[in-house]
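Reader: I have just opened this structure and would like to learn how its descriptions are justified. Could you take me through the reasoning step by step?

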Amino acid sequence: MKRSLCLLLSFVVLLPLLTGCWDRHELNELGIMLGLGVDKEGDQIRVSAQVVVPNEISSKSAGGKGTPVTQYQATGKSLFEAIQSLTETSPRRIFMAHVRVLIFGEEYARKEGIYDVIEALMREPSARPDYYVMVARDTKASEVLDLLTPLDNIPAEKLFSSLDVSAKTWAPTTTVTGDQLMDYMLTPGIHPVITGVEIIGDHSKKGSIENISTIRAAAKLNTTGLSVFKRDKLIGWLNEDESKGYNYIRDNVKSTTGIVDCPNGEGTVTLKTLRASTKRKARIINGEPQVKIKVNVVSSVASVDCKMQIGSMTAIRELEKATQDRLKELMEKSVNSVRRKYHVDIFGFGKEIYQTDPKFFKKHEQDWDKYFEDLDVVYEANAQIRRVGTLDNSFKKDIKE
């Protein structure tokens, strides 16, 4: 009797655990969205969902007759009202757990601001915040998501992978995820910066199979510069050198390639940065704040177009000095340009001051962007060239002779 009672109690305890997935959704009922675009349409928001077409990407199906993705669009007064409206045209429920990129049209980012959209996505349980955020430069987000790309046949995946690789190997680009962006908008003493993306080439062929049926695609997606925000609204763009300086200051550079002039003034040397790191330190001196930035880079010689003896220690030291001067020039140029054109602290200097002296920053928090324009910033760079490759000196001169 006692044994039977124990078994009965065990069943009572275990049965609730065997009810299965109460909120499950079958795959054939879902439209997997990988790219989400946000544009302005009148006083409403237009969303563009790039959804995978399963039959076209399945290895077990013939495929190849249609595009690997499709795009659904809808408008609404809020983000999720527009997303829910997608069901008017989509035969499947839009599933947001696999969104790879969130793209804002430039007009929307300038006029409406991006905070409401980011907050809505952060509140949505099914949306993971590890997607990359971009701004469509001089175009709409829907146009960017409408372009078919070679190599990666899903454009949203291409954008994610391309930006991920570029941020690790090319100094002018960086990645910003949804949760990082929310943190930038809420943290005092720093304004957001987001990588831009543009369409280059023949726009008329961007959404057709013809665009990926030739060796050279007629239209391509290209990451271009960094967009500057004041709180949550776009106010301008950084050029390539300014973007490099920003990323060095923010310690975003992992590796890259750069060119410095030869010490004798004739020709150039291309250096490949193997490692880079930045340290920032803020302090208050005689009642005034100062931020010191020190960049350390380790490089190798990639190519030489100089008459100098590149294999000598004297030449290496001269190249290291030229690299240090170039790094300081990039950082100073970026800071001065932002001060002159945009008057906002995108570098996080205010955040550094706050961590050093909270009382001082609180006193000037409301007018920090004006304070930033006259902030004392000290730049320091340390460059080391560890390798010159398998050749010491260039043999270009011998060929000419």
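Author: Gladly! Of the contacts in the chain with a separation of 6 or more, 71% are between residues 24 or more positions apart. Please keep in mind that this is a predicted model. The chain has 401 residues, and 45% of them are buried. Its helices number 14 and its strands 13.

Reader: What makes strand E5 "largely enclosed" by the rest of the structure?

Author: A residue counts as buried under 20% relative accessible area. Five of the five residues of E5, which spans residues 101-105, meet that rule, so the strand is largely enclosed by the rest of the structure. Val 101, Ile 103 and Gly 105 point one way, while Leu 102 and Phe 104 point the other way, and all are buried.

Reader: How do you know which strands pair with E5, and in which sense?

Author: Two strands pair if there are at least two bridges between them. Strand E1 (residues 30-41) is joined to E5 by four bridges, and the two run parallel. E5 also pairs with E6 in the parallel sense, over five bridges. To find these pairings on screen, look for Val 38 opposite Phe 104 in E5, and for Val 101 opposite Tyr 132 in E6.

Reader: Which residues have the most contacts inside the largest nonpolar core?

Author: They are Leu 79, Leu 102, Phe 104, Val 117 and Leu 121, in a core of 39 residues. A contact requires heavy atoms within 4.5 Å. Setting aside residues up to four places away in sequence, Leu 79 touches Val 38, Ile 45, Val 47, Val 117, Ala 120 and Leu 121. There is also a second, separate core of 36 residues, with Leu 226, Tyr 246, Leu 330 and Trp 368 among them.

Reader: Why do the buried residues of helix H8 line one face of the helix?

Author: In H8 (residues 178-186), the buried residues are Gly 178, Leu 181, Met 182, Tyr 184 and Met 185. Viewed down the axis of H8, they fall within an arc of 160°, so they line one face. An α-helix has 3.6 residues a turn, so residues three or four places apart point the same way. The buried residues of H8 pack against helix H5 (115-123), strand E6 (132-136) and E7.

Reader: How do you know that E7 and E8 pair?

Author: At least two bridges are needed, and eight join E7 (residues 193-201) to E8 (residues 219-230), running antiparallel. Ile 194 has Ser 227 as its bridge partner in E8. Ser 227 in turn has Trp 237 as its bridge partner in E9. E8 and E9 (residues 233-238) are antiparallel too, with five bridges.

Reader: What makes Arg 231 worth a look, and is it buried or exposed?

Author: Most residues other than glycine have a negative phi. Arg 231 is not a glycine, yet its phi is positive, at about 60°. Arg 231 sits in the hairpin of E8 and E9, which has two residues between the strands. Its relative accessible area is 54%, and exposed means over 50%, so Arg 231 is exposed. Arg 231 is also one of the residues nearest the centre of the largest pocket, together with His 191, Glu 365, Gln 366 and Asp 369. That pocket holds about 390 Å³ of space and is lined by 19 residues. H8 and helix H13 (368-372) each supply at least two residues of the lining.

Reader: Why is His 343 called partly exposed?

Author: The cut-offs are under 20% for buried and over 50% for exposed, with partly exposed in between. His 343 has a relative accessible area of 34%, so it is partly exposed. His 343 lies in the loop between helix H10 (313-341) and helix H11 (349-356). His 343 has a positive phi of about 60° although it is not a glycine.

Reader: Why does Gly 267 count as partly exposed?

Author: Gly 267 has 32% relative accessibility, so it falls between the two cut-offs. Its place is the loop between strand E10 (256-261) and strand E11 (268-285). The C-alpha atoms of Gly 267 and Cys 306 are 5.0 Å apart, though the two residues are 39 residues apart along the chain.

Conventions:
Residues numbered from 1 in each chain as written. Predicted model: local features only at pLDDT ≥ 70, side-chain atom pairs only at ≥ 80, totals over all residues. Heavy atoms only, no water. Core = buried A, V, L, I, M, F, W, Y, C linked by side-chain atoms within 4.5 Å. Buried < 20%, exposed > 50% of the residue type's maximum accessible area, 1.4 Å probe, protein only. Arc of directions from axis to C-beta. 1 Å grid on protein atoms, 1.4 Å probe; cavity = no way out; pocket = protein on both sides within 12 Å on 5 of 7 lines; lining within 4 Å. Points joined across faces, edges and corners; volume = space filled by probe spheres on them.
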